[in-house]
Amino acid sequence: MNAIWPSIEAVLTKYSLVTAFTLVGAVVWVAYAIAGRLAGGRLHGSAIAILMGLAAAYVAGSFTGGAKGVADIGWLAGVGLMGGAMLRDLAIVATAYGVRLEEFIKTGLSGVVSLLLGVFSAFLFGATVAYAFGFRDPVALVTIGGGAATYIVGPVTGTALGASSDIIALSVGAGLVKSVLVMTLTPLAARWIGLDNPRAAMIYGGLLGTTSGVAGGLAATDERLVPYGAMTATFYTGLGCLLGPSVAYIAVRAVVGS
Amino acid sequence: MAIYGTALLSFCLICGLVVGKLIGLAIGVDANVGGVGFAMLLLIVLSDRLRAAGVLAEPTQRGVLYWSAIYIPIVVAMAATQNVYAAISSGAVAIVAGAGAVVIGLAMLPLVALLGRSDSDESWPAGPTPPGDPR
């Protein structure tokens with residue numbers, strides 16, 4: 001009996017991507033069944049599936065202590081490959097297939113405005129929160145502000161300015177909270193904020209920025225909006241990394257002194 | 001053949017990522033600046049040209065559309081591999097900063113949407129769903 005699981009595990013581990021396709025397929029099937037019968041159509045199946053994924057990642061993280069959710073469990077490593085940057089970006093680009101070019105160009109200006117507003121408001125808000133919690137060092141303030149942008153902008157800004165590792169960890173935490181909340185809150189807020197057309201989706205991507213959050217949030221709201229939001233969100237992290245250690249840092253230092 | 005479509009898609013992604021990386025290098029940022037965005041633009045332009053030229057056969061298109069259809073499951077896999085535990089247990093500053101940034105971002109959407117409003121962006125009806133949509 002004891003030899004049975006190791007044998008199965010060996011197969012699952014060796015074919016980890018195939019294991020992931022099987023498991024994720026099962027999760028999506030269950031989620032859509034729940035959406036159809038229990039939730040009565042109020043919550044989209046993909047939103048339930050994403051929530052189930054996040055819950056699984058939380059449980060796995062609490063057991064393994066790792067940073068990669070269920071992918072830290074050996075035989076589930078394939079989920080990390082399936083949901084990793086490589087296949088995710090390939091699928092995001094594929095969603096643009098069939099989109100008309102004019103729609104992107106027509107909404108270009110709103111996209112640029114939303115990007116600048118999104119990046120600066122995140123820095124401003126994150127730094128304000130850090131200040132309210134007693135942080136006074138401009139490097140710490142702008143690093144946590146960067147975390148409120150995305151979990152990449154925070155560490156990049158902190159590393160460039162020489163922030164300590166606990167501050168960088170806080171900024172990553174802020175970015176992760178943001179990403180998780182964007183995935184879960186977007187489908188709930190969509191109706192109130194008018195997130196139901198391509199231009200709103202492009203503005204949304206520019207304002208929120210976190211690629212994983214935007215990708216998950218729009219997928220759970222209306223799949224047709226994904227290419228528009230992903231299009232602007234993809235510029236956000238780069239812009240944040242550019243503005244964080246420069247403009248945002250100088251501005252914060254001018255306000256609080258060095 | 002389906003591989004032509006997948007190859008076209010992959011080619012666009014690689015080109016976009018290289019451009020994004022080079023822009024990052026040019027402005028001194030260690031990040032890929034808009035790589036996926038450029039890839040999407042390239043795919044839109046290339047597929048438009050190829051379709052106009054009549055060389056985009058049905059099997060070729062399926063090689064792209066499969067990846068578009070598998071997008072939601074990939075996002076589910078991505079969600080399952082996020083560091084959710086660290087996000088929830090990383091302290092009040094992180095949670096307030098992250099949560100507030102989301103609320104502000106969502107709240108600003110209707111305001112920014114007012115700028116440059118055009119008559120063509122009325123809300124979408126719950127109309128036909130894209131190919132591969134499991135709904």
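The following legends describe close-up views of a predicted model containing chain A and chain B.

**Figure 1. The interface between chain A and chain B****.** In this predicted model, 99 residues of chain A are in contact with 82 residues of chain B. The two chains bury about 7,800 Å² between them, and carbon and sulfur atoms give 79% of this area. On the side of chain A, Tyr97(A), Glu223(A) and Arg224(A) lose the most area to chain B, together accounting for 11% of what that side buries. Between chain A and chain B the rule finds 0 salt bridges, whereas 4 residue pairs across the interface are in polar contact, both residues being at pLDDT 80 or more. Helix H10 of chain A (residues 165–193) supplies the largest share of the side that touches chain B, namely 14 residues. By residue class, the side of chain A that touches chain B comprises 65 nonpolar, 22 polar and 12 charged residues.

**Figure 2. Annotated transmembrane regions of chain A****.** An unreviewed UniProt entry places the feature "transmembrane region" at residues 15–35, 47–67, 73–99, 111–133, 139–161, 168–189, 201–221 and 233–252 of chain A. Two of these spans are shown in the close-up. Residues 111–133 of chain A are 96% helix and 0% strand, with the end C-alpha atoms 33 Å apart. For residues 139–161 of chain A, the end C-alpha atoms lie 6 Å apart, and the span is 87% helix and 0% strand.

**Figure 3. The surroundings of Thr157(A)****.** Thr157(A) is located in helix H9 of chain A, which covers residues 153–161. Thr157(A) counts as buried because its relative accessibility is 0%. When neighbours within four places in sequence are left aside, the contacts of Thr157(A) are Phe123(A), Val142(A), Thr143(A), Gly240(A), Gly244(A) and Pro245(A).

**Figure 4. Pro187(A) in helix H10 of chain A****.** This view is centred on Pro187(A), a residue of helix H10 of chain A. Not counting residues up to four places away in sequence, Pro187(A) touches Ala47(A), Gly217(A), Ala220(A) and Thr221(A). The C-alpha atoms of Pro187(A) and Gly217(A) are separated by 6.3 Å, although the two residues are 30 residues apart along the chain.

**Figure 5. Salt bridges within the chains****.** Over all chains, the count by this rule comes to 3 salt bridges. Side chains of opposite charge can pair when their charged atoms come close. In chain A, the side chains of Arg88(A) and Asp89(A) form a salt bridge with an N to O distance of 3.2 Å. Arg88(A) is buried, its relative accessible area being 14%, and Asp89(A) is likewise buried, at 11%. A salt bridge also joins the side chains of Asp222(A) and Arg224(A), at 2.8 Å from N to O. Asp222(A) counts as buried, with a relative accessibility of 12%. In chain B, Glu58(B) is paired with Arg62(B) in a salt bridge whose closest N and O atoms are 3.8 Å apart. Glu58(B) and Arg62(B) are separated by about one helical turn because they are 4 residues apart in helix H3 (residues 58–69) of chain B.

**Figure 6. Annotated transmembrane regions and helices of chain B****.** The unreviewed UniProt entry assigns "transmembrane region" to residues 7–27, 64–85 and 91–115 of chain B. Residues 64–85 of chain B are 82% helix and 0% strand, with 35 Å between the end C-alpha atoms. Residues 91–115 of chain B are 92% helix and 0% strand, and their end C-alpha atoms lie 37 Å apart. Chain B contains 6 helices and 0 strands, its elements running α-α-α-α-α-α from the N terminus on.

**Figure 7. Burial of helix H4 in chain B****.** Helix H4 of chain B, formed by residues 71–80, is mostly covered, with 10 of its 10 residues buried. The buried residues of H4(B) include Tyr71(B), Ile72(B), Pro73(B), Ile74(B) and Val75(B). Val76(B), Ala77(B), Met78(B), Ala79(B) and Ala80(B) are also buried in H4(B). In chain B, which has 135 residues, buried residues make up 44%. Of the contacts in chain B with a separation of 6 or more, 53% involve residues 24 or more positions apart.

Technical notes
Residues are numbered from 1 along each chain as its sequence is written. Chains are lettered from A and ligands numbered from 1 in the order in which they are written. This is a predicted model: local features need pLDDT of at least 70, side-chain atom pairs count only at pLDDT 80 or more; totals for chains, interfaces and linings use all residues. Side-chain values use heavy atoms; hydrogens and water are left out. Contact means heavy atoms within 4.5 Å. Buried area is the accessible area (1.4 Å probe) that two parts lose on being put together, summed over both. A salt bridge is a side-chain nitrogen of Lys or Arg within 4 Å of a carboxyl oxygen of Asp or Glu. A polar contact is a pair of N or O atoms within 3.5 Å; within protein, one must be able to donate a hydrogen and the other to accept it, and residues adjacent in sequence count only if both atoms are side-chain atoms. Helices (H or I, at least four residues) and strands (E, at least two) are DSSP runs, numbered from the N terminus. Ala, Val, Leu, Ile, Met, Phe, Trp, Tyr, Cys and Pro count as nonpolar, Asp, Glu, Lys and Arg as charged, and the others, Gly among them, as polar. UniProt positions are given in the numbering used here, feature names are shortened, and annotations may be inferred rather than shown by experiment. Buried means under 20% relative accessible area, exposed over 50%, partly exposed in between (1.4 Å probe, protein chains only).
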